[in-house]
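Visitor: I should like to be guided through this structure, one question at a time.

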Amino acid sequence: MIRYTLRRLTLLIVTLWLLTVFLFSLNYFFPGDPLTNMTGIRASNTLSYQLAAEARGFDASIISQYINFVGHFVRGDWGQSLTTQRDVFTDLIPLLGGTLELSLLAMILAMVIGAPLGLYAAGQQRGSMDRLAMGVSLSAYSIPVFWLAQLLILLFAVKLRWTPISGQINPLFDIDVYSGSIIVDILISDNPYKQAALLDAINHLWLPVIVLAIMPATMLMRITRNSMLEVLQQNYIRAARARGLTETRILLRHVLPNAMQPVVRQLGLMFSILMSNIIITEVIFNWPGLGSWLVKSIYERDYPVMQGGLFAFAALILLVNVLVELFHAWRYPQVRKELYAER
Amino acid sequence: MSIWRLWLLTPILTLAACTPASHDVAPLRNGIVYCSEGNPESFNPQLGTSGTTIDATSAQIYDRLIDYDDHQQKFVPALAESWQTLDNGTRYRFTLRPNVQFHQAPWFTPSRAFNADDVVFTFKRWLNEDHPYHEVNGGSYPFFTASGLSRLITDVVAVNETTVDFYLKHSNSSFLANLATDFAVILSAEYGAELLVRGEPAEIDKQPIGTGPFVFEEFRKDLIIRYQRHDDYWREPAHIEQLVYSITPNANKRMLKLITGECDVIPYPLVEELAQLDTGDEIQISSTVNPNIAFWAFNTEHPPFDDVLVRRAMASAINRKAIIQTIYNGNAKLATGVLPETSWAYSPVDQTYGYNPERARELLIEAGYGDGFEFDIWAMPVQRAYNPNAQKMAELIQSDLAQIGVTANIVSYEWNAFRRRLARDEHDSVLIGWIADNADPDNFFRPLLSCNALNVGTNRANWCEPGFDDLLVQAISEENTDSRKKLYQEVENWVYREAPLVPIANSMRFQAHRSDVHGVEVPAYGGVSFRNAYRDGKREQEAQP
């Protein structure tokens, strides 16, 4: 396991390194002055510009420029926004919180809905409920997120008036932003109207979470169903039945843990898909997260913000994938054996 | 199967927890959400001309020396209690209001009340190139340059704590009008000095300090601007405790958010769409006539428009009523002259040519163009408050002109190229417009039709008559309002006779709000103000302590 962990971590570091090389070269590919693209300091601001050029080794070779770039990057000096002149890294932290909140809740919801429905469908194999569930999941899987979001907004917000259509919370609740996750921020705030604020925040949350959860939930459902069916045909299940164990016990103790193995393996992939959907969802729901920030920066040609957003997104996806793989290998030793090709 | 039931219960319970939050919580009751159409460029209106910045700053954070009252159509005291004109109109003396408090914020605690130093600091910032703040945040003060104020004022001197003298190069009756605009806000000199010591002068326009009814609290780009009530405000403090601008650039989303109640007030609503939706009496739409004018200007240097008869023929040939119905959906008034209804010098006498194709044809024959001619109409490629669709307007004019045998070709370029070529006078005629910056009628004529405006590039008619300029100078040097009014009628008449341009429409500015919100003011000249805004049920509460 240690060897495996080290290998994964090395791979992660190498990928991140390649990412920094890519980001560094972007500064030269973007139109305009590379130093301005990198730091957000315009040449018209002569003094700061010269200081930045010195600090970033712009008088030396490209290699030393790159080394300086990585040095600044690691220290959290990601430059300043070209439009707001604010520090990119400082602005990024709360936005990351907003994105994580939305994605984690959607992931949890997807698991709560998807996996049990898959189990249920497997239990009713080829029955009418199975067909119905599979049919619904296939159609839900095929609906693009941007369309689904608009549809649900029209239904729940405009027609039924159950929920607002944008933002994290009614802005009149003056909640200070620390983590960017609205639930966490409310809980740590000393606002006298905490409870009302929390209700309002949940009321803002549930629609985007459902929109985001639908795609991974349907994926989970299909994977769970298929792997359940596979496990149910194994000899040890037959043996358990022969020994007279109850169905519930067989399901919970023997089928489920084994059936979850391929499901866990897919979680990383699902997270990646979720991340691309979250960009669209955040824009539609005006959610203050990395996704809407990144899209906005592309419109505004705000290169330092674009780089920061890109890196944060890529690093998040990589990190989650590595963590899922590590968990997978730790939880299911047979996987490790396959990886090492051990006998 | 009990697991299944439990699992089915979970989402139901979750949904049950999501019933809409009650609006009966104090912060929701005591605050108003305004869904603005964009981010402000800065928090100092001196630095720009964008309406979005004005809406977010002028009337909320700051005050001016004097204000302009739309209803009484006169100047009223604000930070200056009184003022007098001295030395034949070349010196203005302002007596300042005592005990006016600046905002107290986490980034600044004022140690003294507003006084003459603040006025000198504020005006010297853009007036004096050696001022330590002149170059801060760009060093460009477009309104003061364009209005000529930076050339007009020679000095600003603090006589004592509560008296300030403005020295002018020559007497100018639009001086007070310019001081009453949303650009002429008063900053804090003490805050400026403190920021210099801290070495962060740029903060003055980002973390603003003013004397206005609301204290700036935070700005998150693309999300919100938050203000709290200024409790020590020198007028009656605002009714609402909190004001939030929720930034929503998309017009459709703004409308939906108004319907769902996330916005209390929105600017520039989609009036047509909103009328189609069944919103009952939850939403009200209000409009004010914006001091703007859409017009059709002829390049009087290009034949045949050098002939006044041809210009009059063109003016008589177009059906302006039909244009207003089609282009503005009825949301505009037929212009009766260059000055809109909001101007104090406005007269209801119609000084435009009515729709009369017969007369137009006669005029053309008289001018020697009985067989018609061919020319270009330039149409703006962008929407403007005064003209939502210049292309369509050009098409309507084109078909009207075809009736009298004149062929018009519609020409358009990308907006920046369009303006560049206009400035080079390459056009035969152009559909464009003007929005006034201040209440002075001079602001409509001097930039559009004076000889000076030829050089600045705003005289689209390329029309210069020294006699007309003399009349303008005479009008602006006149102090008596009634005499000035008469002079501006003469000016209007001159424009009517010579027809260098055809005034088409004065369009309105729209705003929609939820019906439980009242008192949101949109003055004709300037940005939205929430000083007197309140929500139903709030006032009664205040009445019973």
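The conversation below takes up the helices, the surface, the salt bridges and the cavities in turn.

Guide: This is a predicted model, in which local features need pLDDT of at least 70 and side-chain atom pairs count only at pLDDT 80 or more, while totals for chains, interfaces and linings use all residues. Residues are numbered from 1 along each chain as its sequence is written, chains are lettered from A and ligands numbered from 1 in the order in which they are written, and side-chain values use heavy atoms, with hydrogens and water left out.

Visitor: How many helices and strands does chain A have?

Guide: Helices (H or I, at least four residues) and strands (E, at least two) are DSSP runs, numbered from the N terminus. Along its sequence, chain A reads α-α-α-α-α-α-α-α-α-α-α-α-α-α. The count for chain A is therefore 14 helices and 0 strands.

Visitor: Which residue of chain A has its C-alpha atom 4.4 Å from that of A:G114?

Guide: A:G114 belongs to helix α5 (residues 88–123) of chain A. With a relative accessible area of 0%, A:G114 is buried (buried means under 20%, exposed over 50%, partly exposed in between, with a 1.4 Å probe and protein chains only). At a separation of 107 residues along the chain, the partner at 4.4 Å is A:M221.

Visitor: What is the area of the nonpolar surface patch that includes A:W17?

Guide: A:W17 sits in helix α1 (residues 2–29) of chain A, and this residue is partly exposed at a relative accessible area of 48%. Patches are made of residues with over 30% relative accessible area and no salt bridge; like charges are joined within 9 Å, and nonpolar side chains (Val, Leu, Ile, Met, Phe, Trp, Tyr) within 5 Å. Accessible areas come from the Shrake-Rupley method with a 1.4 Å probe, and for residues only the protein chains shown count as cover. Together A:V14, A:W17, A:L18 and A:V21 make a patch of about 350 Å².

Visitor: Which residue forms a salt bridge with B:R535?

Guide: A salt bridge is a side-chain nitrogen of Lys or Arg within 4 Å of a carboxyl oxygen of Asp or Glu. B:R535 is buried, at 10% relative accessible area. Its side chain meets, at 2.7 Å from N to O, that of B:D264.

Visitor: How many residues apart in sequence are B:R484 and B:D440?

Guide: The side chains of B:R484 and B:D440 form a salt bridge of 3.0 Å, N to O. B:R484 lies in helix α19 of chain B and B:D440 in the loop between β17 (429–435) and α16 (442–449), so the pair ties together parts whose distance in sequence is 44 residues.

Visitor: Is B:D231 buried or exposed?

Guide: B:D231 shares a salt bridge with B:R229, at 3.1 Å from N to O. The relative accessible area of B:D231 is 54%, and B:D231 is therefore exposed.

Visitor: How much space lies in the largest cavity?

Guide: On a 1 Å grid over the protein atoms alone, a cavity is a set of points where a 1.4 Å probe fits but cannot get out; lining residues have an atom within 4 Å of a point. Grid points are joined across faces, edges and corners, and a volume is the space filled by probe spheres set on the points. The structure holds 4 cavities of 30 Å³ or more. The largest cavity contains about 100 Å³.

Visitor: Which residues lie nearest the centre of the largest cavity?

Guide: In chain B, α19 (481–498) and β18 (501–514) each supply at least two residues of the lining. Of the 13 lining residues, those nearest the centre are B:Q351, B:T352, B:Y496, B:L501 and B:P503.

Conventions. On a 1 Å grid over the protein atoms alone, a cavity is a set of points where a 1.4 Å probe fits but cannot get out, and a pocket is an open set with protein on both sides within 12 Å along at least five of seven lines; lining residues have an atom within 4 Å of a point.
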